[in-house]
Amino acid sequence: MEDRDIVDLFLKRDQEALRQTTDKYGGRLRSLAVHLVEDHETAEECENDTYLAAWQSIPPHEPRDYFYPFLARLLRHIALNRCRERKRLKRAAVVCQLSAELEECLAAPDDTECRAEAGELARAINGFLGSLPAKKRVVFLRRYWYMDSIAEIGARCAMSQGQVKTMLYRLRRQLRDNLEKEGFRL
């Protein structure tokens with residue numbers, strides 16, 4: 001079933017929308033959740049919470065042309081909240097490591113001025129990603145959006161782990177330089 005049809009089912013409040021969504025995207029969403037929370041049981045809970053969040057968010061949103069990214073974003077927020085909850089309970093998650101890697105590029109989230117410039121920062125980051133060659137963009141997004149391991153990225157992109165690490169280091173430096181040129185205080 002096409003994404004537009006599934007979203008129409010959501011808009012009609014037809015529970016078939018949930019089954020169709022699970023059939024089409026369940027595996028991808030679960031895989032993303034496992035990468036984020038590193039626990040299959042919690043990943044399954046995040047996936048189910050994503051379906052509930054989608055049910056509650058459609059309407060007013062009508063993501064006909066971007067349904068999977070819409071679901072992935074919902075799942076990512078839910079999974080990251082679970083990771084924060086774990087951190088409060090003194091249990092580590094991969095998100096902490098990846099956040100530390102990007103801290104050198106981005107201003108602190110508690111900075112009031114940073115929050116006010118969130119839209120501009122998003123545009124700047126999207127512009128940076130759009131300017132990258134496809135392979136570099138894939139490596140960056142696989143690491144910092146999908147939270148793949150260095151080994152997984154290397155296997156996916158036919159690169160050694162050392163090449164992936166070096167590329168990510170250079171991309172973080174380029175992002176930092178790009179943001180500084182755009183006037184962001186880091």
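This passage looks at salt bridges and at one helix-helix contact in a predicted model.

Start with the charged side chains. Side chains of opposite charge can pair when their charged atoms come close. Here, the count comes to 11 salt bridges. One of them joins Asp3 to Lys24, with N to O at 2.9 Å. Asp3 sits in helix 1 (residues 3-11) and Lys24 in helix 2 (residues 16-37), so this pair ties together parts that are 21 residues apart in sequence. The two ends are not equally covered: Asp3 is buried, at a relative accessible area of 17%, while Lys24 is partly exposed at 35%. The cut-off for buried is under 20%, so Asp3, at 17%, falls on the buried side of it.

Helix 1 also takes part in a salt bridge through Arg4, whose side chain meets that of Asp65 at 2.8 Å, N to O. That pair links distant parts of the chain, 61 residues apart, since Asp65 belongs to the loop between helix 3 (40-57) and helix 4 (67-88) and Arg4 to helix 1. Asp65 is out in the open, so to speak: its relative accessible area is 64%, and it counts as exposed. Arg4 is partly exposed, with a relative accessibility of 42%.

A further salt bridge brings Glu47 and Arg30 together, with 2.7 Å from N to O. Glu47 is part of helix 3 and Arg30 part of helix 2, so the pair ties together stretches 17 residues apart in sequence. Glu47 has just 2% relative accessibility and counts as buried, whereas Arg30 is partly exposed at 34%. Beyond these pairs, salt bridges also link Asp8, Glu62 and Arg64 into a network.

Now for the helix packing. Two packed helices are described by the angle between their axes and the distance between the axes. For helix 8 (residues 134-144) and helix 10 (residues 161-181), the angle is about 90 degrees and the axes are 10 Å apart. The range for roughly perpendicular is 65 to 115 degrees, and helix 8 and helix 10 are therefore roughly perpendicular to each other. On the helix 8 side, the contact is made by Lys136, Val139, Phe140, Arg143 and Tyr144. Helix 10 contributes Val164, Met167, Leu168, Leu171, Arg172 and Leu175. Sorted by type, the residues of this contact come out as eight nonpolar and three charged, with no polar ones.

Terms used: Residues numbered from 1 in each chain as written. Predicted model: local features only at pLDDT ≥ 70, side-chain atom pairs only at ≥ 80, totals over all residues. Heavy atoms only, no water. Salt bridge = Lys/Arg side-chain N within 4 Å of Asp/Glu carboxyl O. Helix = DSSP H or I, 4+ residues; strand = E, 2+ residues; numbered from the N terminus. Buried < 20%, exposed > 50% of the residue type's maximum accessible area, 1.4 Å probe, protein only. Axes fitted to C-alpha atoms, helices over the stretch in contact; angles between N-to-C directions. Parallel < 35°, antiparallel > 145°, perpendicular 65-115°, else oblique. Contact = heavy atoms within 4.5 Å. Nonpolar A, V, L, I, M, F, W, Y, C, P; charged D, E, K, R; others polar.
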